[in-house]
Amino acid sequence: MEWIGFVVGLLVGSFLNVCIHRLPLSLSVVRPRSRCPQCGSPIRPWDNIPVLSYILLKGRCRDCGSRIPWRYPLVELLTGSFGALTILRFGLDATALVSFLLVCALLVVTFIDLDHHIIPDVISLPGILLGLAASFGPGLVPPTDALIGLLLGGGVLFLVAWGYQWLARREGMGGGDIKLLAMIGAFLGWKGVAVTLFIASLTGTLAGLAVMLRRTEGMKAAVPFGPFLSIGAIAYLFRGPELMRWYLGTLG
Ligand SMILES: [Zn+2]
């Protein structure tokens, strides 16, 4: 059954590309139809088949020949793979759907944060509500856990941001990160918040060091935190119990 998840994921991934491109520009994700960013020609439906069209067109626009970014098929493949993984992990049910929606939101957040260093409220705020609502039905955690996760996720990063600002006298963490971890908490509960924050700090610090070692004098490269929170949350979603044991092991 995993192939259903893969095919649906590919199609959803194609839509996520539209969201990643248009949401930060405050454009509608429904219309108009996709156009080539270079020549403006509308993309024909048969040239809009996930991954396959990119291969057949050899990564170039049919009309003007300009390069199609390889990130488009990458996002489609990632979404397809997570679609298959979700069904492998949860089976074909409503909990799998909730999990897949969370993964989609995290993928969109990751690429928008990498491009623009923002995390749009139109993803995180409805996400918080969806996570809470799902906890009363097919969600991953019961309602009390979702609520504690939401408050803990938002609260921890709020304190970090406040503390940093107080000590360094400048803003470090954005409000977008706070709302994102609150959303993750609403879906994954307080254990999910703890593991997500741990993995995000670890991978984020490593990436930050790598950027610092490579950057030239005077250049200040801020590393966005959203992608690392997303990596942590996705890892917890698929490997929660194992990660929880590892996390407790590193504490003790
Ligand atoms: Zn073109």
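Biologist: Where is the place of H117?

Modeller: This is a predicted model, so take the backbone here in that light. H117 has a positive phi of about 55° although it is not a glycine. As for its place, H117 falls in the loop between α4 (94–116) and α5.

Biologist: And is H117 buried, partly exposed or exposed?

Modeller: Count the neighbours: 15 other C-beta atoms lie within 10 Å of H117. Buried needs 20 or more and exposed needs 12 or fewer. With 15, H117 is therefore partly exposed.

Biologist: What about S26, buried or exposed?

Modeller: S26 sits in the loop between α1 and α2, and has a positive phi of about 55° without being a glycine. Around S26 there are 8 other C-beta atoms within 10 Å. The cut-off for exposed is 12 or fewer, so S26 counts as exposed.

Biologist: Which residues does the cis peptide bond join?

Modeller: Look in the loop between α1 (2–22) and α2 (52–56), where P32 is found. Omega is about 0° at this bond, and the pair is R31 and P32.

Biologist: Which helices do the buried residues of α6 pack against?

Modeller: The buried set of α6 includes A146, G149, L150 and G153. In an α-helix, residues three or four places apart point the same way, because there are 3.6 residues a turn. The partners of the buried α6 residues are α5 (121–135) and α7.

Biologist: At what angle do the axes of α6 and α7 cross?

Modeller: The crossing is right-handed, and the contact has 17 nonpolar, 6 polar and 3 charged residues. The axes come within 6 Å and cross at roughly 115°.

Terms used
Residues are numbered from 1 along each chain as its sequence is written. This is a predicted model: local features need pLDDT of at least 70, side-chain atom pairs count only at pLDDT 80 or more; totals for chains, interfaces and linings use all residues. Axes are lines fitted to C-alpha atoms, for helices over the stretch in contact, and angles run from 0 to 180 degrees between N-to-C directions. Helices (H or I, at least four residues) and strands (E, at least two) are DSSP runs, numbered from the N terminus. A crossing is left-handed if the near helix is turned anticlockwise from the far one by less than a right angle, and right-handed if clockwise. Ala, Val, Leu, Ile, Met, Phe, Trp, Tyr, Cys and Pro count as nonpolar, Asp, Glu, Lys and Arg as charged, and the others, Gly among them, as polar. Two residues are in contact if their C-beta atoms, placed from the backbone, lie within 7 Å.
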